[in-house]
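Good morning, colleagues. Please take a moment with the sequence and the structure on the screen before I begin.

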Amino acid sequence: MTDMPAAALSDSPECVHFVDDWDGILHETYGGDADRAVLDCARRLAADPAGEEAYAWTLGLVMMAAYIGRFSRKDVAAAALEALHATDRRLCDLPCAHRTHPYESDLDDRIDHFVDDLPLLTNGLTEDEDPDWEDDATKEQWLCPRDIAGYARVAVDIIAPGSVGGIPHRLPARDARRAEDLRSIVWDYPSAAVDPGQELSAYARNLVANPLGYHRAGLVVVLHAACWYAASGRIRDRGVLDTMVDALEAVLPGLGDASCAHGEGEHPEVGRDTAEQATVGIHLLSPGGRGVYRHWHREELETAPLEAWLCPAFLATIAREALDHLRTGRERLFGLRDTAHLDEVLVRPDGRLDVERLTHAVRFRCRDGQAAEDAGLWAARRFAAGPADPRERLVLLLVACWSVTSGEEPPPEAVRRDLRAILGGMRTAASAAETCPHGDVHPWDVLSELVGRRHFGFHEDPYGAHLNQLYAPGEYDTPERPFEPGAWGCPRHVARRVRLALRVLDGVG
């Protein structure tokens, strides 16, 4: 056995039979028994941890390290770690004349090329002679004992983050996944396997459990980055917002009335690029991530220094901002929605509806979603109060249903709760309306078909125009494709509108 890996072996070293399998495990496309492949590689390295092919088995374990750390059985991971530690011990102190080694560079920039480069290392050709060799480092640098020892430590750190030193700072693999998932959430395109509520609750619970710990800064930055998404209405579980609020309330006493020596503009800019902010927050969770961020700051002078992200005064400011936003959002989404102020807006001095304002609010949901929600809820509550005018009752009910079905998602709980109760009370009457003289030609269905066929300008509103004219025929022109009031009030037509609204409210529409 030699303590120096060979600079040149046979033209076909044994590793070439396995490198495609290792690459498949790296990219999660391997169809075989991955643990068996890991164990085979680890046993070969353990049998000769400083031998001629130690470079191959070490780099193979580097390629599989993310899988090992995440999915391998404990005994398989232990075997891999034992072999890697043995190689590091045998090779790390051997002399070399190289100023740098490949393991010191960014692994993510190189690892995808291992599958092509690893078989070339011992094919007997120098870099200049080898037309397939494209790496900046020489083959001698790759095969240097200290480089192999360094890659052994890199693999150990991926499998068991933070357990070894002497390697470049690197974001742990699990945190890289977390950053990717978190970015998908704040971009409002959550990955298929990501539950935003569970993900954000986990960060909040970690902060509640240890509001003074090492992870405090990263968790506060993450929760601030995600607070806009959490309070947007995308999350329907109040418990998620409750947990985030609890976490920020728990962390503020430890930050106190913190002051700092930073001048104006020296704290990081937050809120504009929440995906970038979330990524920084994840990097703050680990020593490796913080080291990577320091490198970023050296390379990108426009980024704030790490110390500014860790500043207690800065953390207190963004924690309070996120807390205020979450509390406001929680009340808007889950509290009692007050619509009494709309009486002065939507009722004329003579007691009649300002129907145009009412329909306009629902029509322009894209400009102000809460105004549309409030208008629909106000209409439902006024309908439930029982105005004497049957035409007004009909318009109010149709507007309430429209406010539900016009949105891309069900309204928040604060609105859904009352709408569900009021429209649910109509279910019995709706279910009784089975036949009518209109067949399938009912106003709302005809208008929906018309909207689907024709382009209407931004300020054109076929639904609102019809409802306005239905309520006040003397005040509004007859719209395109008019319908008799009896068709609008047809029990079967109204029943269909109520059923569709209830399906949306129940999450099945």
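A crossing of two helices is called left-handed if the near helix is turned anticlockwise from the far one by less than a right angle, and right-handed if it is turned clockwise. I should also say at once that this is a predicted model.

With that term in hand, let us take helices H2 and H3. Which hand does the crossing of H2 and H3 have? The crossing of H2 and H3 is left-handed. In general, two packed helices are described by the angle between their axes and the distance between the axes. For H2 and H3, the angle is about 145° and the axes are 9 Å apart. On the H2 side, the contact is made by Ala34, Asp35, Ala37, Val38, Cys41, Ala42, Arg44 and Leu45. On the H3 side, the residues in contact are Ala54, Trp57, Thr58, Gly60, Leu61, Met64, Tyr67 and Ile68.

Staying with helix H2, I turn to Leu39, which has its place there. Leu39 is buried, because its relative accessible area is 14% and the limit for buried is under 20%. Setting aside neighbours within four places in sequence, Leu39 is in contact with Val76 and Ala79. For a sense of scale, Leu39 and Arg272 are 233 residues apart in sequence, and their C-alpha atoms are 47 Å apart in space.

I now come to the nonpolar cores. The largest nonpolar core has 56 residues, and the members that touch the most other members are Trp22, Leu61, Ile68, Phe114 and Tyr151. At least two residues of this core come from each of helices H1 (19–26), H2 (34–47), H3 (54–71), H4 (74–91), H6 (114–117), H7 (139–143) and H8 (145–159). Which helix gives the most to this core? That is H3, with 12 residues. Ile68 serves as an example: leaving aside neighbours within four places in sequence, Ile68 is in contact with Val38, Leu61, Ala77, Ala80 and Ile159. Apart from this core lies another, of 54 residues, and Leu219, Ile282, Leu306 and Ala322 are among them.

After H8 comes a loop that leads to helix H9 (173–186), and Ile167 lies in this loop. Beyond its neighbours within four places in sequence, Ile167 is in contact with Gly150, Arg153, Val154 and Asp157. For the last of these, the C-alpha atoms of Ile167 and Asp157 are 8.5 Å apart, with a sequence separation of 10 residues.

The next topic is the aromatic residues. A search of the whole structure finds 16 aromatic pairs. One of them is formed by Tyr293 and Trp309, edge-to-face, with 6.5 Å centre to centre and 85° between the planes. This pair links distant parts of the chain, since Tyr293 is in helix H14 (residues 287–299) and Trp309 is in helix H15 (residues 306–310), 16 residues apart. Tyr293 and Trp309 are buried.

Another edge-to-face pair joins Trp444 and Trp488, at 6.2 Å centre to centre and 85° between the planes. This pair, too, links distant parts of the chain: Trp444 is in helix H23 (residues 443–453), Trp488 is in helix H25 (residues 485–488), and 44 residues separate them. Trp444 is buried, as is Trp488. Which residues do ring pairs link into a cluster? They are Trp402, Trp444, Tyr463, Phe483 and Trp488.

Charges also sit over rings in this model. Arg290 lies over the face of Tyr214, 3.9 Å from the ring centre. The charged end of Arg393 sits over the ring of Phe383, at 4.3 Å from its centre.

Arg290 returns in the surroundings of His283, a residue of helix H13 (residues 274–283). Not counting residues up to four places away in sequence, His283 touches Leu171, Gly289, Arg290, Val292 and Trp296. Why does His283 count as buried? His283 counts as buried because its relative accessibility is 4%, against a limit of under 20%.

Gly291 has its place in helix H14, and it counts as buried because its relative accessibility is 8%. The C-alpha atoms of Gly291 and Cys260 are separated by 23 Å, with their positions 31 residues apart along the chain.

I close with Asn468, in helix H24 (residues 462–471). Asn468 counts as buried, at 8% relative accessibility. Apart from neighbours within four places in sequence, Asn468 is in contact with Val355, Glu356, Thr359 and Tyr476.

Technical notes
Residues are numbered from 1 along each chain as its sequence is written. This is a predicted model: local features need pLDDT of at least 70, side-chain atom pairs count only at pLDDT 80 or more; totals for chains, interfaces and linings use all residues. Side-chain values use heavy atoms; hydrogens and water are left out. A nonpolar core is a set of buried Ala, Val, Leu, Ile, Met, Phe, Trp, Tyr and Cys residues joined through side-chain atoms within 4.5 Å. Buried means under 20% relative accessible area, exposed over 50%, partly exposed in between (1.4 Å probe, protein chains only). Helices (H or I, at least four residues) and strands (E, at least two) are DSSP runs, numbered from the N terminus. Contact means heavy atoms within 4.5 Å. Rings of Phe, Tyr and Trp (its six-membered ring) pair if their centres lie within 6.5 Å; planes under 30 degrees apart count as stacked, over 60 as edge-to-face and the rest as tilted. A charge sits over a ring if NZ of Lys or CZ of Arg is within 6 Å of the ring centre and within 35 degrees of the ring normal. Axes are lines fitted to C-alpha atoms, for helices over the stretch in contact, and angles run from 0 to 180 degrees between N-to-C directions.
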